[in-house]
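Colleague: I am new to reading structures and would love a close look at one part of this one. Could you walk me through the place where two helices pack together, and then through what lies around that place?

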Amino acid sequence: MSYDDDEYLPALITALADPSAQTWTIDGWRIERVGLVQGSDDHCTMYDPLGPEGASAPMRPGGTPVYLVSRADAPGSPVAALVHPCETVPVRMQDWGDRLATPSGLAVLHANPGTGWVEPAVPMLKRTWAVLHARAAGSSDWRLENFRDMLRRASVDPADWPVEPVEGDFANDWLMIPDEAGTGTVLGILVDPDGSDATECLDAEGNTVATLLTFG
């Protein structure tokens, strides 16, 4: 199910104004600060590594915090993620956003400066592959089959990838792990393969201070 951003934006703005907490439950919405996207690039890349396009946001020195939004009664189904590279709290969203294709059902955020498209996300792809296998429990599952098809289209061969997940992976449909270099982090979120949107969030003066990813 998709939700209009104006349903949860007031709760999200309230949470951003209270940096002392890690999770908030406000007006039926659960907001969770999941950690910092870190890396040596000056921008955070937001994309499906098996998809055709991406978006980016500036990095905050020391790492960019990311907040996930879900219904309080369904914390395992994120409906949006806020990438917040600035200290300033946004007060509204831009009137339009850009469509962000997520055909594999996996959105990835990283700050790897490499020019490769798939490579920075390979560890996350492997962890996702294992989790989807476990959830399918040996039967046919549309998410697993869709993910398999997108790997094939991207000429990625998962034949030697593990199919036993690390305990706790994607417990609430998100996972943050170290990057391959061990110097940064990669965030993965299981999302609707039908696509997502990336919309700038503005402060009171109209400056862009965050990006909201909405799923589905």
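Modeller: Happy to: here is a walk that starts at the pair of helices, moves into the core, and then visits some strands and loops.

Please keep in mind that this is a predicted model.

Let us begin with the helices. Two packed helices are described by the angle between their axes and the distance between the axes. Here the partners are helix 2, residues 122–136, and helix 3, residues 142–153. The angle between helix 2 and helix 3 is about 150 degrees, and their axes are 9 Å apart. The crossing of helix 2 and helix 3 is left-handed.

Which residues of helix 2 meet helix 3? From helix 2 come Leu125, Thr128, Trp129, Leu132, His133 and Ala136. Facing them in helix 3 are Arg143, Leu144, Phe147, Arg148 and Leu151. Sorted by character, the residues of this contact are 7 nonpolar, 2 polar and 2 charged.

Now look into the core. The largest nonpolar core has 24 residues, and Leu106, Met124 and Phe147 are the members that touch the most others in it. You have already met Phe147, as one of the residues of helix 3 in contact with helix 2. Two or more residues each are given to this core by strand 9 (106–110), helix 2, helix 3, strand 10 (174–178) and strand 11 (185–190). Helix 2 provides the largest share, with 7 residues.

Leu106 is a good residue to click on next. Leaving out residues up to four places away in sequence, Leu106 touches Met124, Leu125, Thr128 and Phe147, among others. The list for Leu106 also includes Tyr47, Asp48, Pro49 and Phe170, as well as Gly188, Ile189, Leu190 and Val191. Apart from this core lies another one of 21 residues, among them Ala57, Ala107, Trp174 and Leu213.

Phe170, one of the residues touched by Leu106, deserves a stop of its own. Phe170 lies in the loop between helix 3 and strand 10. Is Phe170 buried or exposed? Its relative accessibility is 1%, so Phe170 counts as buried. The backbone here has a special feature. Most residues other than glycine have a negative phi, and most peptide bonds are trans. Phe170 is not a glycine, and yet its phi is positive, at about 55 degrees.

Asp173 is placed in the loop between helix 3 and strand 10 as well. Asp173 also has a positive phi, near 70 degrees, in a residue other than glycine. With a relative accessible area of 15%, Asp173 is buried, because buried means under 20%.

From Trp174, a member of the other core, we can step to Glu32, since Trp174 is in contact with Glu32. Glu32 is found in strand 2, residues 29–37. Setting aside neighbours within four places in sequence, Glu32 is also in contact with Gln22, Thr23, Val66, Tyr67 and Leu68. Its relative accessible area is 14%, so Glu32 is buried. The side chains of Glu32 and Arg30 are joined by a polar contact of 2.8 Å.

For another level of exposure, try Arg71, which is found in strand 5, residues 64–71. Arg71 is partly exposed, with a relative accessible area of 24%. Arg71 and Asp27 are 44 residues apart along the chain, and their C-alpha atoms are separated by 9.5 Å.

Our last strand is strand 13, residues 208–215, where Ala210 lies. Ala210 counts as buried, at 1% relative accessibility. Not counting residues up to four places away in sequence, Ala210 touches Leu82, Val83, His84, Pro85, Pro90, Thr199, Glu200 and Cys201. Thr214 lies in strand 13 too, and at 13% relative accessibility Thr214 counts as buried. The contacts of Thr214, neighbours within four places in sequence aside, are Tyr8, Val79, Ala80, Ser196 and Asp197.

Finally, a loop. Gln94 lies between strand 7 (92–93) and strand 8 (98–100). Gln94 is in contact with Thr199, Glu200 and Leu202, leaving aside neighbours within four places in sequence. Thr199 and Glu200 were also on the list for Ala210. From Gln94 to Asp141 there are 47 residues in sequence and 37 Å in space, C-alpha to C-alpha.

Terms used
Residues numbered from 1 in each chain as written. Predicted model: local features only at pLDDT ≥ 70, side-chain atom pairs only at ≥ 80, totals over all residues. Heavy atoms only, no water. Helix = DSSP H or I, 4+ residues; strand = E, 2+ residues; numbered from the N terminus. Buried < 20%, exposed > 50% of the residue type's maximum accessible area, 1.4 Å probe, protein only. Polar contact = N/O pair within 3.5 Å; in protein donor to acceptor, adjacent residues only side chain to side chain. Contact = heavy atoms within 4.5 Å. Axes fitted to C-alpha atoms, helices over the stretch in contact; angles between N-to-C directions. Left-handed = near helix turned anticlockwise from the far one by under 90°. Nonpolar A, V, L, I, M, F, W, Y, C, P; charged D, E, K, R; others polar. Core = buried A, V, L, I, M, F, W, Y, C linked by side-chain atoms within 4.5 Å.
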